[in-house]
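Hi,

Here is the structure I promised to pass on to you. Please have a look at it, and below you will find my notes on what turned up.

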Amino acid sequence: FEPLVPGQASVYLCGATVQGEPHIGHVRSGVAFDVLRRWLTANGLDVAFVRNVTDIDDKILRKAGEAGRPWWEWAATYERAFTRAYDALGVLPPSVEPRATGHITQMVELIQRLIDAGHAYAADGDVYFDVLSFPEYGALSGHRIEDVHQGESAGRGKRDPRDFTLWKAEKPGEPSWPTPWGRGRPGWHLECSAMAGFYLGGTFDIHCGGMDLVFPHHENEVAQSRAAGDGFARYWLHNGWVTMGGEKMSKSLGNVLSIPNVLTRVRPQELRYYLGSAHYRSMLEYSDAALQEAA
(Lines give C-alpha, C1' and ligand atoms only; values in the text may rest on other atoms or scores of the structure.)
Protein backbone atom coordinates (compact mmCIF):
# COMPACT_ATOMS: atom_id res chain seq x y z
CA PHE A 1 0.00 0.00 0.00
CA GLU A 2 1.41 3.35 -1.13
CA PRO A 3 -0.73 6.24 0.11
CA LEU A 4 -1.63 9.09 -2.22
CA VAL A 5 -0.23 11.59 0.30
CA PRO A 6 2.85 10.42 2.26
CA GLY A 7 2.01 9.91 5.93
CA GLN A 8 -1.76 9.95 5.35
CA ALA A 9 -4.43 7.43 4.40
CA SER A 10 -7.94 8.24 3.20
CA VAL A 11 -10.56 5.50 3.60
CA TYR A 12 -14.25 5.40 2.65
CA LEU A 13 -16.47 2.61 3.97
CA CYS A 14 -20.00 2.06 2.66
CA GLY A 15 -21.92 2.12 5.92
CA ALA A 16 -25.37 1.01 6.96
CA THR A 17 -28.72 1.50 5.30
CA VAL A 18 -30.52 2.14 8.58
CA GLN A 19 -33.73 0.19 8.01
CA GLY A 20 -33.68 -2.15 11.03
CA GLU A 21 -31.75 -3.69 13.91
CA PRO A 22 -28.15 -4.59 12.94
CA HIS A 23 -27.26 -8.29 12.79
CA ILE A 24 -23.81 -9.84 12.86
CA GLY A 25 -23.63 -9.88 9.07
CA HIS A 26 -24.05 -6.11 9.00
CA VAL A 27 -21.23 -5.39 11.44
CA ARG A 28 -18.62 -7.70 9.94
CA SER A 29 -17.49 -4.90 7.61
CA GLY A 30 -17.28 -2.55 10.60
CA VAL A 31 -14.97 -4.95 12.43
CA ALA A 32 -12.92 -5.93 9.36
CA PHE A 33 -12.15 -2.38 8.34
CA ASP A 34 -11.64 -1.24 11.93
CA VAL A 35 -8.75 -3.75 11.92
CA LEU A 36 -7.50 -2.19 8.67
CA ARG A 37 -7.76 1.30 10.11
CA ARG A 38 -5.88 0.33 13.27
CA TRP A 39 -3.19 -1.37 11.17
CA LEU A 40 -2.71 1.76 9.04
CA THR A 41 -2.50 3.88 12.21
CA ALA A 42 -0.02 1.45 13.77
CA ASN A 43 2.13 1.88 10.66
CA GLY A 44 2.36 5.60 11.39
CA LEU A 45 -0.29 6.92 9.01
CA ASP A 46 -2.77 9.66 9.85
CA VAL A 47 -6.06 8.04 8.79
CA ALA A 48 -9.14 9.93 7.59
CA PHE A 49 -11.93 7.35 7.89
CA VAL A 50 -15.36 8.14 6.43
CA ARG A 51 -18.30 5.78 7.02
CA ASN A 52 -21.60 7.00 5.61
CA VAL A 53 -25.19 6.42 6.69
CA THR A 54 -27.84 5.82 4.03
CA ASP A 55 -30.86 7.37 5.74
CA ILE A 56 -33.17 7.65 2.72
CA ASP A 57 -34.00 4.51 0.77
CA ASP A 58 -36.95 2.53 -0.62
CA LYS A 59 -36.75 0.00 2.24
CA ILE A 60 -36.65 2.68 4.93
CA LEU A 61 -39.68 4.42 3.44
CA ARG A 62 -41.60 1.14 3.12
CA LYS A 63 -40.84 -0.16 6.62
CA ALA A 64 -41.54 3.20 8.26
CA GLY A 65 -44.82 3.40 6.35
CA GLU A 66 -45.85 -0.11 7.40
CA ALA A 67 -45.13 0.79 11.03
CA GLY A 68 -46.95 4.11 10.76
CA ARG A 69 -43.83 6.04 11.75
CA PRO A 70 -42.13 9.09 10.14
CA TRP A 71 -39.31 7.94 7.83
CA TRP A 72 -36.78 10.26 9.50
CA GLU A 73 -37.58 8.88 12.96
CA TRP A 74 -37.28 5.29 11.68
CA ALA A 75 -33.86 6.04 10.14
CA ALA A 76 -32.60 7.89 13.23
CA THR A 77 -33.73 5.08 15.55
CA TYR A 78 -31.76 2.42 13.69
CA GLU A 79 -28.78 4.69 13.07
CA ARG A 80 -28.46 4.82 16.87
CA ALA A 81 -28.83 1.02 17.01
CA PHE A 82 -25.91 0.63 14.60
CA THR A 83 -23.83 3.09 16.63
CA ARG A 84 -24.49 1.07 19.79
CA ALA A 85 -23.47 -2.13 17.98
CA TYR A 86 -20.22 -0.62 16.66
CA ASP A 87 -19.39 0.82 20.07
CA ALA A 88 -20.09 -2.50 21.81
CA LEU A 89 -17.68 -4.30 19.47
CA GLY A 90 -14.88 -1.80 19.96
CA VAL A 91 -15.11 -0.28 16.48
CA LEU A 92 -13.53 3.17 16.55
CA PRO A 93 -15.90 6.03 15.64
CA PRO A 94 -15.26 7.26 12.08
CA SER A 95 -13.57 10.60 11.47
CA VAL A 96 -16.95 11.69 10.10
CA GLU A 97 -20.24 9.85 9.58
CA PRO A 98 -22.14 11.74 6.86
CA ARG A 99 -25.81 11.11 6.16
CA ALA A 100 -27.10 11.00 2.62
CA THR A 101 -29.84 13.53 3.37
CA GLY A 102 -27.23 16.03 4.53
CA HIS A 103 -25.43 16.08 1.17
CA ILE A 104 -28.14 16.77 -1.42
CA THR A 105 -26.25 19.89 -2.56
CA GLN A 106 -23.14 17.86 -3.39
CA MET A 107 -25.26 15.27 -5.22
CA VAL A 108 -26.97 17.93 -7.35
CA GLU A 109 -23.55 19.40 -8.23
CA LEU A 110 -22.25 15.96 -9.25
CA ILE A 111 -25.31 15.31 -11.43
CA GLN A 112 -24.82 18.67 -13.14
CA ARG A 113 -21.17 17.82 -13.87
CA LEU A 114 -22.26 14.52 -15.43
CA ILE A 115 -24.97 16.16 -17.55
CA ASP A 116 -22.52 18.85 -18.71
CA ALA A 117 -20.00 16.14 -19.67
CA GLY A 118 -22.60 14.21 -21.67
CA HIS A 119 -22.73 11.21 -19.31
CA ALA A 120 -26.20 11.78 -17.82
CA TYR A 121 -29.63 12.96 -18.97
CA ALA A 122 -32.90 14.06 -17.40
CA ALA A 123 -36.20 12.45 -18.33
CA ASP A 124 -39.57 13.33 -16.77
CA GLY A 125 -38.02 14.38 -13.46
CA ASP A 126 -35.69 11.38 -13.23
CA VAL A 127 -31.99 11.65 -14.08
CA TYR A 128 -30.09 8.65 -15.47
CA PHE A 129 -26.44 7.82 -16.03
CA ASP A 130 -25.71 6.85 -19.64
CA VAL A 131 -23.79 3.60 -19.17
CA LEU A 132 -22.77 3.29 -22.84
CA SER A 133 -21.08 6.71 -22.63
CA PHE A 134 -18.48 5.26 -20.24
CA PRO A 135 -16.32 2.64 -22.04
CA GLU A 136 -14.66 1.43 -18.82
CA TYR A 137 -17.99 0.28 -17.34
CA GLY A 138 -17.62 -3.22 -15.87
CA ALA A 139 -13.89 -3.04 -15.15
CA LEU A 140 -14.25 -3.25 -11.36
CA SER A 141 -16.68 -6.18 -11.24
CA GLY A 142 -15.62 -7.97 -14.41
CA HIS A 143 -19.11 -7.66 -15.92
CA ARG A 144 -19.34 -7.31 -19.69
CA ILE A 145 -21.52 -4.45 -20.80
CA GLU A 146 -23.73 -6.75 -22.90
CA ASP A 147 -24.51 -8.84 -19.81
CA VAL A 148 -25.32 -5.93 -17.51
CA HIS A 149 -28.76 -5.72 -15.93
CA GLN A 150 -29.33 -3.00 -13.31
CA GLY A 151 -32.33 -4.71 -11.75
CA GLU A 152 -34.39 -1.58 -12.31
CA SER A 153 -37.59 -1.11 -14.26
CA ALA A 154 -37.40 0.33 -17.73
CA GLY A 155 -38.13 3.76 -16.26
CA ARG A 156 -39.81 6.74 -17.80
CA GLY A 157 -37.69 8.05 -20.61
CA LYS A 158 -34.74 5.74 -19.93
CA ARG A 159 -32.71 5.42 -23.15
CA ASP A 160 -31.18 2.06 -22.34
CA PRO A 161 -32.25 -0.54 -19.70
CA ARG A 162 -28.65 -0.62 -18.46
CA ASP A 163 -28.68 3.06 -17.49
CA PHE A 164 -28.97 3.59 -13.74
CA THR A 165 -30.83 6.20 -11.74
CA LEU A 166 -29.01 9.22 -10.31
CA TRP A 167 -32.12 11.07 -9.19
CA LYS A 168 -35.68 9.81 -8.61
CA ALA A 169 -38.63 12.07 -9.42
CA GLU A 170 -40.96 12.98 -6.57
CA LYS A 171 -43.71 10.52 -5.66
CA PRO A 172 -46.79 11.34 -3.56
CA GLY A 173 -46.16 10.97 0.15
CA GLU A 174 -42.38 10.61 -0.20
CA PRO A 175 -39.77 13.10 1.02
CA SER A 176 -38.26 15.22 -1.74
CA TRP A 177 -35.75 17.98 -2.37
CA PRO A 178 -35.67 20.70 -5.05
CA THR A 179 -33.29 20.36 -8.02
CA PRO A 180 -33.02 21.94 -11.49
CA TRP A 181 -34.75 18.79 -12.84
CA GLY A 182 -37.65 18.85 -10.41
CA ARG A 183 -38.26 17.69 -6.87
CA GLY A 184 -37.22 14.19 -5.90
CA ARG A 185 -34.71 12.15 -3.93
CA PRO A 186 -31.28 10.71 -4.66
CA GLY A 187 -30.46 7.36 -6.16
CA TRP A 188 -28.43 5.08 -3.88
CA HIS A 189 -25.28 4.94 -6.02
CA LEU A 190 -25.01 8.71 -6.30
CA GLU A 191 -24.85 9.24 -2.52
CA CYS A 192 -21.50 7.59 -1.91
CA SER A 193 -19.69 9.26 -4.81
CA ALA A 194 -20.85 12.68 -3.63
CA MET A 195 -19.93 12.10 0.02
CA ALA A 196 -16.57 10.42 -0.68
CA GLY A 197 -15.57 13.28 -2.97
CA PHE A 198 -16.69 15.95 -0.51
CA TYR A 199 -14.71 14.58 2.45
CA LEU A 200 -11.75 12.82 0.84
CA GLY A 201 -11.32 14.64 -2.47
CA GLY A 202 -11.72 13.56 -6.08
CA THR A 203 -9.04 10.87 -5.65
CA PHE A 204 -8.53 8.97 -2.40
CA ASP A 205 -6.80 5.84 -1.19
CA ILE A 206 -9.14 3.02 -0.17
CA HIS A 207 -12.81 2.20 -0.71
CA CYS A 208 -14.27 -0.59 1.44
CA GLY A 209 -17.57 -2.43 1.60
CA GLY A 210 -19.29 -5.79 1.46
CA MET A 211 -18.75 -8.21 -1.40
CA ASP A 212 -22.42 -7.82 -2.36
CA LEU A 213 -21.77 -4.16 -3.21
CA VAL A 214 -19.21 -4.78 -5.98
CA PHE A 215 -21.99 -4.80 -8.58
CA PRO A 216 -23.91 -2.73 -9.23
CA HIS A 217 -23.25 -0.27 -6.38
CA HIS A 218 -19.49 0.15 -6.53
CA GLU A 219 -19.34 -0.32 -10.31
CA ASN A 220 -21.81 2.56 -10.63
CA GLU A 221 -19.86 4.70 -8.16
CA VAL A 222 -16.71 4.26 -10.24
CA ALA A 223 -18.55 5.11 -13.44
CA GLN A 224 -20.23 8.30 -12.24
CA SER A 225 -17.15 9.59 -10.38
CA ARG A 226 -14.66 8.96 -13.17
CA ALA A 227 -17.06 10.16 -15.84
CA ALA A 228 -17.28 13.43 -13.86
CA GLY A 229 -13.49 13.72 -13.99
CA ASP A 230 -12.47 12.32 -10.59
CA GLY A 231 -9.88 9.59 -10.07
CA PHE A 232 -11.94 8.11 -7.21
CA ALA A 233 -10.62 5.13 -5.20
CA ARG A 234 -7.12 3.74 -5.80
CA TYR A 235 -7.63 0.49 -3.83
CA TRP A 236 -10.76 -1.61 -3.29
CA LEU A 237 -11.39 -3.98 -0.37
CA HIS A 238 -14.53 -6.10 -0.11
CA ASN A 239 -15.38 -8.26 2.89
CA GLY A 240 -17.08 -11.65 2.63
CA TRP A 241 -20.47 -12.45 4.11
CA VAL A 242 -21.49 -14.09 7.33
CA THR A 243 -23.46 -17.13 6.15
CA MET A 244 -25.86 -19.65 7.67
CA GLY A 245 -26.26 -22.94 5.86
CA GLY A 246 -24.16 -21.47 3.06
CA GLU A 247 -26.59 -18.59 2.48
CA LYS A 248 -25.87 -14.92 3.04
CA MET A 249 -27.34 -13.71 6.30
CA SER A 250 -30.17 -11.32 5.46
CA LYS A 251 -33.51 -10.24 6.83
CA SER A 252 -35.30 -11.78 3.84
CA LEU A 253 -33.98 -15.24 4.74
CA GLY A 254 -35.26 -14.85 8.28
CA ASN A 255 -31.94 -16.02 9.74
CA VAL A 256 -31.17 -12.81 11.53
CA LEU A 257 -28.92 -12.75 14.59
CA SER A 258 -29.22 -9.25 16.03
CA ILE A 259 -26.28 -7.81 17.95
CA PRO A 260 -28.28 -7.28 21.19
CA ASN A 261 -29.45 -10.91 21.10
CA VAL A 262 -26.00 -12.36 20.46
CA LEU A 263 -24.50 -10.21 23.22
CA THR A 264 -26.80 -11.88 25.74
CA ARG A 265 -24.84 -15.11 25.07
CA VAL A 266 -21.25 -13.96 24.54
CA ARG A 267 -19.17 -10.97 25.55
CA PRO A 268 -18.56 -8.22 22.96
CA GLN A 269 -14.83 -9.09 22.83
CA GLU A 270 -15.72 -12.68 21.93
CA LEU A 271 -18.09 -11.64 19.13
CA ARG A 272 -15.48 -9.24 17.76
CA TYR A 273 -12.86 -11.98 17.85
CA TYR A 274 -15.21 -14.34 16.00
CA LEU A 275 -16.01 -11.76 13.29
CA GLY A 276 -12.31 -11.01 12.83
CA SER A 277 -11.08 -14.61 12.96
CA ALA A 278 -11.30 -15.37 9.23
CA HIS A 279 -9.59 -13.50 6.39
CA TYR A 280 -11.77 -10.49 5.63
CA ARG A 281 -12.52 -11.64 2.05
CA SER A 282 -13.57 -15.16 3.05
CA MET A 283 -17.07 -16.30 3.93
CA LEU A 284 -17.69 -16.82 7.65
CA GLU A 285 -20.15 -19.63 8.36
CA TYR A 286 -22.12 -18.94 11.52
CA SER A 287 -22.78 -21.60 14.12
CA ASP A 288 -23.21 -21.53 17.88
CA ALA A 289 -20.24 -23.92 18.10
CA ALA A 290 -18.01 -21.50 16.17
CA LEU A 291 -19.06 -18.64 18.43
CA GLN A 292 -18.32 -20.72 21.54
CA GLU A 293 -14.94 -21.70 20.09
CA ALA A 294 -14.13 -18.02 19.64
CA ALA A 295 -15.15 -17.39 23.26
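**Strand E1 and its neighbours**

Of the 6 residues of E1, 5 are buried, so this strand is largely enclosed by the rest of the structure. Please keep in mind throughout that this is a predicted model.

E1 covers residues 8-13 and pairs with strand E2, residues 46-51, in the parallel sense over 6 bridges. Within that pairing, Ser10 has Ala48 of E2 as its bridge partner, and Tyr12 stands opposite Val50 of E2. E1 also runs parallel to strand E7 (residues 203-210), to which 3 bridges join it. Here Tyr12 turns up again, standing opposite His207 in E7.

**The helix in between**

Together, E1, H1 and E2 form a β-α-β unit, and it is right-handed. Helix H1 takes in residues 24-42, 19 residues in total, and spans 26 Å from its first C-alpha to its last, close to the 27 Å expected at 1.5 Å a residue. Its buried residues include Val27, Val31, Phe33, Leu36 and Leu40. Some charged residues of H1 are on the buried list as well, namely Arg28, Asp34 and Arg37. After H1 comes Gly44, which has a positive phi, near 90 degrees.

**An antiparallel sheet**

There is also an open sheet of 4 strands, in the order E3-E4-E5-E6, and its pairing is antiparallel. Strand E3 (120-123) and strand E6 (184-186) stand at the edges with a single partner strand each, so one side of each has no neighbour in the sheet. On average, neighbouring strands of this sheet are turned by 20 degrees against each other, direction ignored.

At one end of that order, strand E5 (residues 164-169) and E6 are joined in the antiparallel sense over 3 bridges. Lys168 stands opposite Arg185 in E6. Both of these residues come back below.

**Salt bridges**

How many salt bridges does the structure hold? The count is 18, and I picked out three to describe.

The first is between the side chains of Asp58 and Lys168, at 3.3 Å from N to O. Asp58 belongs to helix H2 (residues 58-67) and Lys168 to strand E5, so this pair ties together parts that are 110 residues apart in sequence. Asp58 is partly exposed, at 41% relative accessibility, and Lys168 is partly exposed too, with a relative accessible area of 27%.

The next one joins Arg185 and Glu174, whose closest N and O atoms are 2.9 Å apart. Since Arg185 sits in strand E6 and Glu174 in the loop between E5 and E6, the pair ties together parts that are 11 residues apart in sequence. Arg185 counts as buried at 3% relative accessibility, whereas Glu174 is partly exposed, with a relative accessible area of 24%. Through shared partners, salt bridges join Asp58, Lys168, Glu174 and Arg185 into one network.

The last of my three is formed by Arg99 and Glu79, with 2.8 Å between the closest N and O atoms. This pair links distant parts of the chain, 20 residues apart: Arg99 is in the loop between helix H3 (71-88) and helix H4 (104-116), and Glu79 is in helix H3. Arg99 is partly exposed, with a relative accessible area of 41%, while Glu79 counts as buried at 11% relative accessibility.

**Cysteines**

What about disulfides? The structure holds 0 of them. A disulfide is a covalent bond between the sulfur atoms of two cysteines. For Cys14, the closest cysteine sulfur is that of Cys192, at 3.6 Å, which is too far for a bond, as the cut-off for a disulfide is within 2.5 Å. Cys208 is in no disulfide either, and its nearest cysteine sulfur, that of Cys14, is 9.2 Å away.

Are these cysteines buried or exposed? Cys14 is buried, with a relative accessible area of 8%, and Cys208 is buried as well, with a relative accessible area of 0%.

That is what I have for now. I hope the notes are handy when you open the model.

Best wishes

Definitions and conventions: Residues numbered from 1 in each chain as written. Predicted model: local features only at pLDDT ≥ 70, side-chain atom pairs only at ≥ 80, totals over all residues. Heavy atoms only, no water. Helix = DSSP H or I, 4+ residues; strand = E, 2+ residues; numbered from the N terminus. Expected span 1.5 Å × (residues − 1). Buried < 20%, exposed > 50% of the residue type's maximum accessible area, 1.4 Å probe, protein only. Pairing = 2+ DSSP bridges. Axes fitted to C-alpha atoms, helices over the stretch in contact; angles between N-to-C directions. Right-handed = clockwise from strand over helix to strand, strands pointing away. Salt bridge = Lys/Arg side-chain N within 4 Å of Asp/Glu carboxyl O.
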